[in-house]
Amino acid sequence: MAPQKEPFDFDEVFRRLRAAVASLRKAAMFELQDRGHGSLFEQLVASLISARTRDETTIPVCLRLFAVARTPERMASLDEPALVRLLHGATFPEPKARDILALSRRIMGELGGVVPDTSEGLMAFHGVGPKIAALTLGVALGQPRIAVDVHVHRITNRWGIVAASTPERTQAALAAVLPERYRVEINERLVPFGKHVCTGERPHCSRCALLSMCRQVGVTAHR
(Lines give C-alpha, C1' and ligand atoms only; values in the text may rest on other atoms or scores of the structure.)
Protein backbone atom coordinates (compact mmCIF):
# COMPACT_ATOMS: atom_id res chain seq x y z
CA MET A 1 0.00 0.00 0.00
CA ALA A 2 2.73 2.46 0.99
CA PRO A 3 4.43 2.82 -2.44
CA GLN A 4 1.13 4.06 -3.90
CA LYS A 5 0.93 6.87 -1.39
CA GLU A 6 1.98 10.48 -1.83
CA PRO A 7 5.00 11.69 0.14
CA PHE A 8 4.01 12.88 3.61
CA ASP A 9 4.02 16.67 3.60
CA PHE A 10 3.30 18.39 6.94
CA ASP A 11 2.23 21.69 5.39
CA GLU A 12 -0.32 19.95 3.19
CA VAL A 13 -1.42 17.66 6.03
CA PHE A 14 -2.25 20.57 8.31
CA ARG A 15 -3.95 22.49 5.51
CA ARG A 16 -6.24 19.51 4.97
CA LEU A 17 -6.71 18.93 8.70
CA ARG A 18 -7.88 22.50 9.28
CA ALA A 19 -10.51 22.11 6.59
CA ALA A 20 -11.56 18.67 7.85
CA VAL A 21 -12.24 19.81 11.43
CA ALA A 22 -13.48 23.34 10.73
CA SER A 23 -17.09 22.40 11.47
CA LEU A 24 -16.29 20.16 14.46
CA ARG A 25 -16.19 21.16 18.11
CA LYS A 26 -12.71 22.11 19.25
CA ALA A 27 -10.67 20.15 21.77
CA ALA A 28 -11.50 21.26 25.31
CA MET A 29 -8.41 23.34 26.11
CA PHE A 30 -8.67 25.27 22.87
CA GLU A 31 -12.39 25.90 23.30
CA LEU A 32 -11.79 27.14 26.84
CA GLN A 33 -9.10 29.45 25.51
CA ASP A 34 -11.58 30.82 22.97
CA ARG A 35 -14.04 31.41 25.81
CA GLY A 36 -11.53 33.56 27.67
CA HIS A 37 -9.94 30.96 29.91
CA GLY A 38 -6.49 30.86 28.39
CA SER A 39 -4.35 31.89 31.37
CA LEU A 40 -1.54 29.61 32.46
CA PHE A 41 -3.32 28.78 35.72
CA GLU A 42 -6.70 28.11 34.10
CA GLN A 43 -5.14 25.91 31.44
CA LEU A 44 -3.22 23.96 34.10
CA VAL A 45 -6.37 23.37 36.15
CA ALA A 46 -8.44 22.52 33.08
CA SER A 47 -5.83 20.05 31.84
CA LEU A 48 -5.88 18.31 35.21
CA ILE A 49 -9.66 18.13 35.13
CA SER A 50 -9.61 16.77 31.57
CA ALA A 51 -7.55 13.70 32.47
CA ARG A 52 -9.69 10.64 31.65
CA THR A 53 -12.71 12.91 31.23
CA ARG A 54 -14.49 13.50 27.94
CA ASP A 55 -14.32 17.00 26.47
CA GLU A 56 -18.10 17.17 26.54
CA THR A 57 -17.88 16.95 30.33
CA THR A 58 -14.63 18.84 30.87
CA ILE A 59 -15.85 22.07 29.29
CA PRO A 60 -19.00 22.60 31.41
CA VAL A 61 -17.19 21.50 34.60
CA CYS A 62 -14.40 24.01 33.94
CA LEU A 63 -16.83 26.80 33.11
CA ARG A 64 -18.69 26.14 36.36
CA LEU A 65 -15.44 26.14 38.33
CA PHE A 66 -13.99 29.24 36.69
CA ALA A 67 -17.19 31.17 37.38
CA VAL A 68 -16.23 30.77 41.05
CA ALA A 69 -12.42 30.67 40.99
CA ARG A 70 -10.03 31.38 38.13
CA THR A 71 -6.88 32.48 39.97
CA PRO A 72 -4.56 30.63 42.37
CA GLU A 73 -5.55 32.98 45.19
CA ARG A 74 -9.29 32.39 44.76
CA MET A 75 -8.85 28.65 44.19
CA ALA A 76 -6.70 28.30 47.30
CA SER A 77 -9.45 29.86 49.39
CA LEU A 78 -11.95 27.11 48.58
CA ASP A 79 -12.45 24.22 50.94
CA GLU A 80 -12.10 20.71 49.59
CA PRO A 81 -15.80 19.68 49.80
CA ALA A 82 -16.82 22.80 47.87
CA LEU A 83 -14.26 22.11 45.17
CA VAL A 84 -15.34 18.47 44.90
CA ARG A 85 -18.91 19.66 44.33
CA LEU A 86 -17.75 22.06 41.61
CA LEU A 87 -15.90 19.21 39.91
CA HIS A 88 -18.98 16.97 39.88
CA GLY A 89 -19.18 15.08 36.59
CA ALA A 90 -15.44 14.88 36.02
CA THR A 91 -13.72 11.58 36.73
CA PHE A 92 -12.02 11.23 40.12
CA PRO A 93 -13.26 14.56 41.54
CA GLU A 94 -11.85 13.96 45.03
CA PRO A 95 -8.17 13.39 44.10
CA LYS A 96 -8.38 16.11 41.45
CA ALA A 97 -9.75 18.54 44.04
CA ARG A 98 -6.87 17.68 46.37
CA ASP A 99 -4.30 18.19 43.61
CA ILE A 100 -5.81 21.50 42.48
CA LEU A 101 -5.97 22.82 46.04
CA ALA A 102 -2.43 21.68 46.78
CA LEU A 103 -0.92 23.33 43.71
CA SER A 104 -2.96 26.51 44.20
CA ARG A 105 -1.82 26.84 47.82
CA ARG A 106 1.76 26.07 46.88
CA ILE A 107 1.68 28.71 44.14
CA MET A 108 0.43 31.24 46.67
CA GLY A 109 2.54 30.14 49.62
CA GLU A 110 5.86 29.20 48.03
CA LEU A 111 5.94 30.76 44.57
CA GLY A 112 4.65 34.25 45.21
CA GLY A 113 1.48 33.66 43.24
CA VAL A 114 3.41 32.91 40.03
CA VAL A 115 2.60 29.76 38.06
CA PRO A 116 5.74 28.02 36.74
CA ASP A 117 6.23 28.38 32.99
CA THR A 118 8.47 25.34 32.46
CA SER A 119 7.73 21.65 32.16
CA GLU A 120 9.92 20.92 35.15
CA GLY A 121 8.14 23.50 37.27
CA LEU A 122 4.68 22.23 36.38
CA MET A 123 5.58 18.58 36.79
CA ALA A 124 6.74 19.31 40.32
CA PHE A 125 3.03 19.50 41.18
CA HIS A 126 1.36 16.21 42.07
CA GLY A 127 -0.81 14.92 39.23
CA VAL A 128 0.94 16.87 36.48
CA GLY A 129 2.71 14.66 33.95
CA PRO A 130 4.38 15.38 30.60
CA LYS A 131 1.12 15.55 28.62
CA ILE A 132 -0.57 18.00 31.00
CA ALA A 133 2.56 20.15 31.19
CA ALA A 134 2.94 20.23 27.40
CA LEU A 135 -0.72 21.03 26.81
CA THR A 136 -0.72 23.78 29.43
CA LEU A 137 2.41 25.49 28.15
CA GLY A 138 1.45 25.04 24.52
CA VAL A 139 -2.06 26.45 24.73
CA ALA A 140 -1.50 29.13 27.38
CA LEU A 141 1.91 30.40 26.27
CA GLY A 142 2.32 29.14 22.72
CA GLN A 143 5.44 27.21 23.62
CA PRO A 144 6.16 24.58 20.92
CA ARG A 145 5.23 21.58 23.05
CA ILE A 146 3.74 18.32 21.78
CA ALA A 147 0.86 17.03 23.90
CA VAL A 148 0.24 13.40 22.99
CA ASP A 149 -3.15 12.00 23.96
CA VAL A 150 -4.80 8.83 22.66
CA HIS A 151 -5.78 10.51 19.39
CA VAL A 152 -2.35 11.98 18.60
CA HIS A 153 -0.71 8.67 19.54
CA ARG A 154 -3.04 6.55 17.41
CA ILE A 155 -3.19 8.77 14.33
CA THR A 156 0.49 9.64 13.97
CA ASN A 157 1.41 5.96 14.25
CA ARG A 158 -1.33 5.13 11.76
CA TRP A 159 0.05 7.73 9.38
CA GLY A 160 3.38 5.92 9.56
CA ILE A 161 5.48 8.97 10.47
CA VAL A 162 6.37 7.41 13.84
CA ALA A 163 6.38 3.85 15.16
CA ALA A 164 6.03 3.98 18.92
CA SER A 165 4.30 1.76 21.44
CA THR A 166 3.30 4.37 24.02
CA PRO A 167 2.23 8.03 24.03
CA GLU A 168 5.48 8.95 25.77
CA ARG A 169 7.53 7.31 23.02
CA THR A 170 5.32 8.89 20.39
CA GLN A 171 6.02 12.31 21.90
CA ALA A 172 9.76 11.71 21.68
CA ALA A 173 9.50 10.39 18.11
CA LEU A 174 7.37 13.33 16.99
CA ALA A 175 9.88 15.76 18.48
CA ALA A 176 12.38 14.47 15.92
CA VAL A 177 10.15 14.98 12.85
CA LEU A 178 7.36 17.47 13.55
CA PRO A 179 8.15 21.11 12.68
CA GLU A 180 7.88 23.43 15.68
CA ARG A 181 5.13 25.48 14.05
CA TYR A 182 2.77 22.49 14.30
CA ARG A 183 3.64 21.21 17.77
CA VAL A 184 0.73 22.88 19.55
CA GLU A 185 -1.65 22.63 16.62
CA ILE A 186 -1.29 18.86 16.25
CA ASN A 187 -3.31 18.30 19.43
CA GLU A 188 -5.85 20.94 18.46
CA ARG A 189 -6.54 19.28 15.10
CA LEU A 190 -6.15 15.58 15.88
CA VAL A 191 -8.50 15.45 18.87
CA PRO A 192 -11.64 16.28 16.84
CA PHE A 193 -10.24 14.47 13.79
CA GLY A 194 -9.70 11.35 15.88
CA LYS A 195 -13.17 11.49 17.37
CA HIS A 196 -15.03 11.85 14.09
CA VAL A 197 -12.84 10.63 11.21
CA CYS A 198 -9.74 8.66 12.20
CA THR A 199 -11.50 6.70 14.91
CA GLY A 200 -9.99 3.89 16.93
CA GLU A 201 -12.16 1.18 15.42
CA ARG A 202 -12.99 1.10 11.70
CA PRO A 203 -11.78 4.61 10.80
CA HIS A 204 -13.63 6.52 8.07
CA CYS A 205 -10.87 6.13 5.48
CA SER A 206 -13.30 6.53 2.57
CA ARG A 207 -13.96 10.17 3.50
CA CYS A 208 -10.56 11.05 4.94
CA ALA A 209 -8.81 14.01 3.35
CA LEU A 210 -5.45 12.52 4.28
CA LEU A 211 -5.95 9.08 2.74
CA SER A 212 -3.57 9.77 -0.14
CA MET A 213 -0.68 10.27 2.32
CA CYS A 214 -1.67 8.00 5.22
CA ARG A 215 0.07 4.61 5.31
CA GLN A 216 -2.90 3.16 7.26
CA VAL A 217 -0.56 1.26 9.56
CA GLY A 218 -2.49 -1.33 11.54
CA VAL A 219 -5.81 -0.62 9.82
CA THR A 220 -7.47 -3.95 9.10
CA ALA A 221 -11.04 -2.72 8.64
CA HIS A 222 -12.37 0.69 7.77
CA ARG A 223 -15.42 2.53 6.53
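Is Glu31 buried or exposed? Glu31 is buried, because its relative accessible area is 11%, and buried here means under 20%. Keep in mind that this is a predicted model.

So where does that residue sit? Glu31 belongs to helix α2, which runs over residues 28-34. Leaving aside residues up to four places away in sequence, Glu31 touches Arg25, Lys26 and Ile59.

**The largest pocket**

Now for the empty spaces. The largest pocket has a volume of about 840 Å³. It is lined by 33 residues, and the closest to its centre are Ser50, Ala51, Arg52, Lys131 and Asp149.

Which helices supply at least two residues each to that lining? Helix α2, the one that holds Glu31, is on the list. With it come α3 (40-50), α4 (55-66), α7 (93-110), α9 (130-141), α10 (150-159), α11 (167-177) and α12 (185-196). Helix α9 gives the most to the lining of this pocket, with 4 residues.

**The cavities**

How many cavities of 30 Å³ or more turn up? The count comes to 2.

Take the largest cavity, at about 80 Å³. It has 13 lining residues, and those nearest its centre are Cys198, Pro203, Cys205, Cys208 and Cys214.

The second largest cavity holds about 30 Å³ of space. Helix α9 shows up again here, giving the most to the lining with 4 residues. Among the residues around this cavity are Ala134, Leu135, Gly138 and Val139. Phe30 lines it too, as do Arg145, Ile146 and Ala147. Arg183, Val184 and Asn187 complete the lining.

**What the walls are made of**

Here is how the three linings split by class.

| Space | Nonpolar | Polar | Charged |
|---|---|---|---|
| Largest pocket | 15 residues | 8 residues | 10 residues |
| Largest cavity | 10 residues | 2 residues | 1 residue |
| Second largest cavity | 7 residues | 2 residues | 2 residues |

In the pocket, then, 10 charged residues sit in the lining alongside 15 nonpolar ones. The largest cavity has 1 charged residue in its lining, with 10 nonpolar. For the second largest cavity, the lining has 7 nonpolar residues, plus 2 polar and 2 charged.

If you are looking around the model, helix α9 is a handy place to start: it gives the most to the lining of the largest pocket, and it also gives the most to the lining of the second largest cavity.

Key: Residues numbered from 1 in each chain as written. Predicted model: local features only at pLDDT ≥ 70, side-chain atom pairs only at ≥ 80, totals over all residues. Heavy atoms only, no water. Buried < 20%, exposed > 50% of the residue type's maximum accessible area, 1.4 Å probe, protein only. Contact = heavy atoms within 4.5 Å. 1 Å grid on protein atoms, 1.4 Å probe; cavity = no way out; pocket = protein on both sides within 12 Å on 5 of 7 lines; lining within 4 Å. Points joined across faces, edges and corners; volume = space filled by probe spheres on them. Nonpolar A, V, L, I, M, F, W, Y, C, P; charged D, E, K, R; others polar.
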